[in-house]
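Please look over the structure shown here and follow the description step by step, with the sequence beside you.

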Amino acid sequence: MGRPTPAVRVAKAVALTVVVLLVVFPLWTVLATSLATPQNVIDNGGWVVWPDEFTLSAYTEILQGGIVSRALLVSAGVTVIGTALSLVCTIGLAYTLSRPRVYGGKPMLLLVLFTFLFPPGMVPLFLVVQGTGLFDRYAALVLPFLVNVFNLVVMRGFFQSIPPELVDAARIDGAGELGILRQVVLPLSKAVIAVVGLFYAVAYWNRFFEAIIYFNDQTKWPIGTVLRQYVTGGASLAETSGELATTSPQSVQMAVVMLATLPIVCVYPFLQRYFVKGVVTGALKA
Amino acid sequence: MSMTRVRSAATGPPGVPARHEADRAGPLRRLRADRVLLLLAAPGLVYFLVFHYGALFGTVLAFQDYVPFLGVSGSRWVGLAHFERMVTDPLFWNAVKNTLLIAALQLVFFFPAPLALALLLNSVVGDTLRRFVQSVVYLPHFLSWVIVVALFQQMLGGAGVVNGWLSALGVGGVAIIGNPDLYGPLVVAQLVWKECGWATIIFLAALSQVDEQQYEAAALDGAGWWRRVWHVTLPAIRPVIVLLLVLRLGEFLSIGFEQFFLQRQSVGPETGEVLDTFVYFTGFANGDFGYAAAVGLFKGVVGVVLIYTANKVAHRLGEQGVYKS
């Protein structure tokens with residue numbers, strides 16, 4: 001390929017820098033504001049780009065018990081248990097649907113794919129949740145989203161891309177279907193399991209709307225729902241009112257944003273290398 | 001997804017003996033033979049039956065004067081009354097108008113953005129640099145809408161970063177958040193910020209398939225970067241672009257819910273109400289469940305028709321649709 005002219009190279013460098021800054025800068029001001037002292041935040045008019053002095057008081061304040069700490073625990077629990085259950089159900093169904101000539105395989109596949117075309121409406125789904133007695137139970141944040149059709153299709157596609165010779169060899173060695181799944185299919189599918197697991201975990205961690213309609217008991221709210229109260233509901237943190245001397249409401253709000261973002265930012269680099277491998281292989285086969 | 005194709009795939013071409021003994025056995029024998037696999041599939045299947053098909057059954061309340069206390073079985077049937085009401089309800093048509101407007105803005109401004117970013121990323125020669133930029137731009141996809149809305153308030157709100165800069169420069173502040181005139185551009189900007197990077201994945205995969213030799217030939221002919229993009233790259237990935245465009249048109253009405261739910265209050269329903277928020281506020285805030293379900297059903301049916309048409313078009317163009325597995 002011909003060498004680009006200097007002008008083109010400069011233009012590209014500028015464009016890339018702008019793109020990266022557009023993503024990083026907002027996150028950075030949130031972090032900086034959450035670490036700034038109240039006076040610093042007030043002087044600057046509500047936000048800072050570089051704190052004069054770093055303090056963790058906003059974090060210690062919201063993490064010493066109370067609504068945010070509880071919400072973080074709820075979200076962590078829902079995310080861990082939900083992701084585990086979702087993966088088990090998705091792997092099981094995807095594996096069965098990936099095997100040729102399973103009894104009832106085609107009707108099962110059609111049954112599942114049809115839901116892609118016609119996702120359940122908000123009101124009918126609400127009735128089902130009500131009917132299954134999930135109101136005010138944490139299960140209401142997990143069971144209605146247990147298997148995602150897209151994730152299922154990606155995983156089935158990946159399973160189908162495993163060479164049948166490997167499966168046949170295991171069967172000749174006397175392995176049953178469970179043995180083939182455990183010894184042949186799963187070890188080869190780490191990439192897709194990592195990616196689909198991340199998709200589920202992120203979806204569980206970020207879910208906030210369902211708690212509004214399914215939970216009367218606000219102490220059971222996950223972090224997203226609590227955060228929404230402060231961000232768009234206009235509520236201020238009850239615990240911090242009257243304590244403006246040690247923390248500013250902006251810092252506390254930004255600290256909550258940070259705590260809701262942090263787990264994702266932490267897990268993300270470890271799974272990122274699987275994205276293309278896991279998703280593209282699975283999706284292309286499907 | 002045609003049944004004939006499914007059948008022939010299940011039994012194999014005629015004349016070739018079945019490789020699997022169980023194919024010839026009776027249903028009970030086959031059930032026994034596949035019992036482990038069927039058990040593995042059972043939890044997932046039960047989920048789909050309960051939460052998808054159960055909800056599908058619950059859609060009947062679109063034809064009822066639903067009273068929560070009486071339930072689906074006890075409520076009065078009203079036939080198509082909710083749908084007749086829809087036709088003359090100005091609030092419903094307002095939601096339709098806003099939905100179409102935002103969908104059109106998304107199509108014009110969001111759809112080309114990932115393609116442009118992918119072309120930029122693809123032209124970066126250094127592998128490390130490209131991977132770094134990719135990691136950065138994928139990240140917002142994984143943040144929740146609550147966080148994205150919070151970030152935009154922090155940056156563009158009345159007391160936000162940008163207004164702070166403007167007043168420092170002596171320029172008066174601009175009301176961006178909460179301004180009905182700028183609501184459409186704002187929500188599309190948010191979508192671009194959140195999803196543009198992630199959406200490059202499929203374009204980058206397509207770009208990696210483009211024949212290097214064609215580039216070199218074009219470069220030898222003296223074509224600059226832009227001409228190579230226009231005459232080599234874009235024609236090579238045209239099928240992917242067309243397919244994604246067709247699929248996007250199939251999902252035209254699916255503009256998202258959470259983003260609009262979070263920000264409807266900031267501009268009021270006249271600008272901020274879209275079909276999904278209309279369903280929510282009619283059903284859950286006003287308790288008008290039957291009417292809300294009817295509007296939801298209307299949107300769902302239109303969605304199916306659009307997706308079906310889009311797939312037909314995609315097949316006609318010689319591409320694979322979404323649901324041809």
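**A walk through chains A and B**

Just after helix α6 of chain A comes A:Gly133, a residue with a positive phi near 65°; here helices (H or I, at least four residues) and strands (E, at least two) are DSSP runs, numbered from the N terminus. The model is a predicted one, in which local features need pLDDT of at least 70 and side-chain atom pairs count only at pLDDT 80 or more, while totals for chains, interfaces and linings use all residues. Residues are numbered from 1 along each chain as its sequence is written, chains are lettered from A, and ligands are numbered from 1, in the order in which they are written.

The helix that precedes A:Gly133 deserves a careful look. Helix α6 of chain A covers residues 122-131, and eight of its ten residues are buried, where buried means that 20 or more other C-beta atoms lie within 10 Å of a residue's own, exposed means 12 or fewer, partly exposed means in between, and C-beta atoms are placed from the backbone. The buried residues of α6(A) are A:Met122, A:Val123, A:Pro124, A:Leu125, A:Phe126, A:Leu127, A:Val128 and A:Val129. Which elements cover the buried residues of α6(A)? The cover includes α11 (209-214) of chain A, together with α3 (35-58), α17 (275-285) and α18 (289-316) of chain B.

Further along, in the loop between α6 and α7 (149-160) of chain A, sits A:Asp136, which has a positive phi of about 60° although it is not a glycine. A:Asp136 counts as exposed because it has 12 C-beta neighbours inside 10 Å. A:Arg101 likewise is not a glycine, yet has a positive phi of about 60°, and its place is in the loop between α4 and α5 (105-117) of chain A. Is A:Arg101 buried or exposed? It is partly exposed, because 18 other C-beta atoms lie within 10 Å.

Stepping back to the whole of chain A, one finds 14 helices and zero strands. Buried residues make up 43% of the 286 residues in this chain. If one takes the contacts in chain A between residues at least 6 apart in sequence, 73% of them join residues at least 24 apart, a contact being a pair of residues whose C-beta atoms, placed from the backbone, lie within 7 Å.

Chain A is divided into domain 1 (6-55) and domain 2 (63-285), with bounds that come from an automatic or database domain assignment. The centres of these two domains of chain A, taken over C-alpha atoms, are separated by 31 Å. Their contact takes ten residues from domain 1 of chain A and nine residues from domain 2 of chain A. On the side of domain 1 that touches domain 2, α1 (6-34) and α2 (38-44) of chain A each supply at least two residues, and the largest share, four residues, comes from α1(A). By class, that side of domain 1 has seven nonpolar, three polar and no charged residues, where Ala, Val, Leu, Ile, Met, Phe, Trp, Tyr, Cys and Pro count as nonpolar, Asp, Glu, Lys and Arg as charged, and the others, Gly among them, as polar.

Chain B has 18 helices and two strands, and buried residues make up 36% of its 325 residues. Helix α11 of chain B (residues 183-207) has 25 residues and reaches 34 Å from its first C-alpha to its last, close to the 36 Å expected at 1.5 Å a residue, the expected span being 1.5 Å times one less than the number of residues. α11(B) bends by about 50° at B:Glu195, the bend being the angle between axes fitted to the seven residues ending there and the seven starting there.

How many residues of chain A are in contact with chain B? There are 75 residues of chain A in contact with 77 residues of chain B. The largest share of chain A's side, twelve residues, comes from α1(A), and that side divides into 53 nonpolar, 16 polar and six charged residues.

Finally, consider the interior. The largest nonpolar core has 129 residues, and those with the most contacts inside it are A:Met155, A:Leu227, A:Val256, A:Val257 and B:Val146; such a core is a set of buried Ala, Val, Leu, Ile, Met, Phe, Trp, Tyr and Cys residues joined through C-beta atoms within 7 Å. Helix α4 (residues 67-98) of chain A gives the largest share of this core, eleven residues. The core lies between domain 1 (6-55) and domain 2 (63-285) of chain A, because both give residues to it.

Notes:
Contact = placed C-beta atoms within 7 Å.
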